[in-house]
Amino acid sequence: MSTFVTHCYPSPTMLDSLITSRTRLRLLVKFFINAANKGHLRGLADEFQESTNAIRKELNNLTEAGYLEKEAVSNKITYSANRRHPLYMSLQGIVHKYIGLDTILETLLERMGAVKKVYVIGDYAEGRDSGTIEIVVVGERLDTAYLNQLEPKVAAEIGREVRFHAVSTFEGDGLLLYGGGE
């Protein structure tokens, strides 16, 4: 008897059907796409354009489950991902798959030659699921025409717009996805 394995890339609706609270899903993306992301109740309510009660409820649920940590800073409680939680890496992987970062990275590294580093910048690096993922590809003699052709193909596969920026060096802020070969 043989075993057949297929690779299934989750569509945005797959995780939506598993996690039915839109607010909870947005909080998971916010905190688990980039471990450096932090937020506080009012700031998150403004960012998500939702009531503080809805945000508070989900922050409390995620904190009680141990997925988030909270820390009092000045007169605000700041939340961040609990990197020590046994499911931290799994949750981060699920969020990266949900967003499509694994597909983007796999496609780039498979088909682009001398890629040194790959960064996510903009909204997604800050944990905002805005629909447009900006990717900085660092390397020498990168094929920008190929990257331009790749944008709509990857976008169709992951259900989000993708913008690639090819550069030889990058000194900005962003989420490092790949840091190979110097």
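Colleague: How do strand β4 and strand β5 pair, and over how many bridges?

Modeller: Strands of a sheet pair through backbone hydrogen bonds, either parallel or antiparallel. In this predicted model, strand β4, residues 115-121, and strand β5, residues 132-139, pair in the antiparallel sense, with six bridges between them. To follow the register residue by residue, start at V118, whose bridge partner in β5 is V137, and then move to Y119, which stands opposite V136 in β5.

Colleague: Which strand does β4 meet through three bridges?

Modeller: That strand is β7, which runs antiparallel to β4 and is joined to it by three bridges; one position to look at is V120, whose bridge partner in β7 is L175.

Colleague: In what order do the strands of this sheet lie, and which of them stand at the edges?

Modeller: The order to trace is β6-β5-β4-β7, an open sheet of four strands with mixed pairing. The edges are held by β6 (161-167) and β7 (175-178), and each has a single partner strand, so one side of each is left without a neighbour in the sheet. If you look at how neighbouring strands are set against each other, the average turn is 30°, with direction ignored.

Colleague: Which helix packs on the sheet, and which strands does it touch?

Modeller: Helix α7, residues 144-158, packs there and touches β5 and β6, and its direction makes about 155° with that of β6.

Colleague: Is β4 mostly covered or mostly uncovered?

Modeller: Strand β4 is mostly covered, since five of its seven residues are buried, where buried stands for a relative accessible area under 20%. For the chain, buried residues make up 43% of the 182 residues.

Colleague: Turning to the helices, at what angle do α3 and α4 pack?

Modeller: Helix α3 (residues 41-48) and helix α4 (residues 52-64) pack at about 120°, their axes being 9 Å apart, and α3 passes α4 in a right-handed crossing. On the α3 side the contact is made by L41, R42, L44, A45 and F48, while α4 contributes T52, I55, R56 and L59. Sorted by class, this contact has six nonpolar residues, one polar residue and two charged residues.

Colleague: Where do these elements sit in the chain, and how many helices and strands are there?

Modeller: The chain has seven helices and seven strands, which follow the pattern α-α-β-α-α-β-β-α-α-β-β-α-β-β when read along the sequence. Of the contacts with a separation of 6 or more, 65% are between residues 24 or more positions apart.

Notes:
Residues numbered from 1 in each chain as written. Predicted model: local features only at pLDDT ≥ 70, side-chain atom pairs only at ≥ 80, totals over all residues. Heavy atoms only, no water. Helix = DSSP H or I, 4+ residues; strand = E, 2+ residues; numbered from the N terminus. Buried < 20%, exposed > 50% of the residue type's maximum accessible area, 1.4 Å probe, protein only. Contact = heavy atoms within 4.5 Å. Axes fitted to C-alpha atoms, helices over the stretch in contact; angles between N-to-C directions. Left-handed = near helix turned anticlockwise from the far one by under 90°. Nonpolar A, V, L, I, M, F, W, Y, C, P; charged D, E, K, R; others polar. Pairing = 2+ DSSP bridges.
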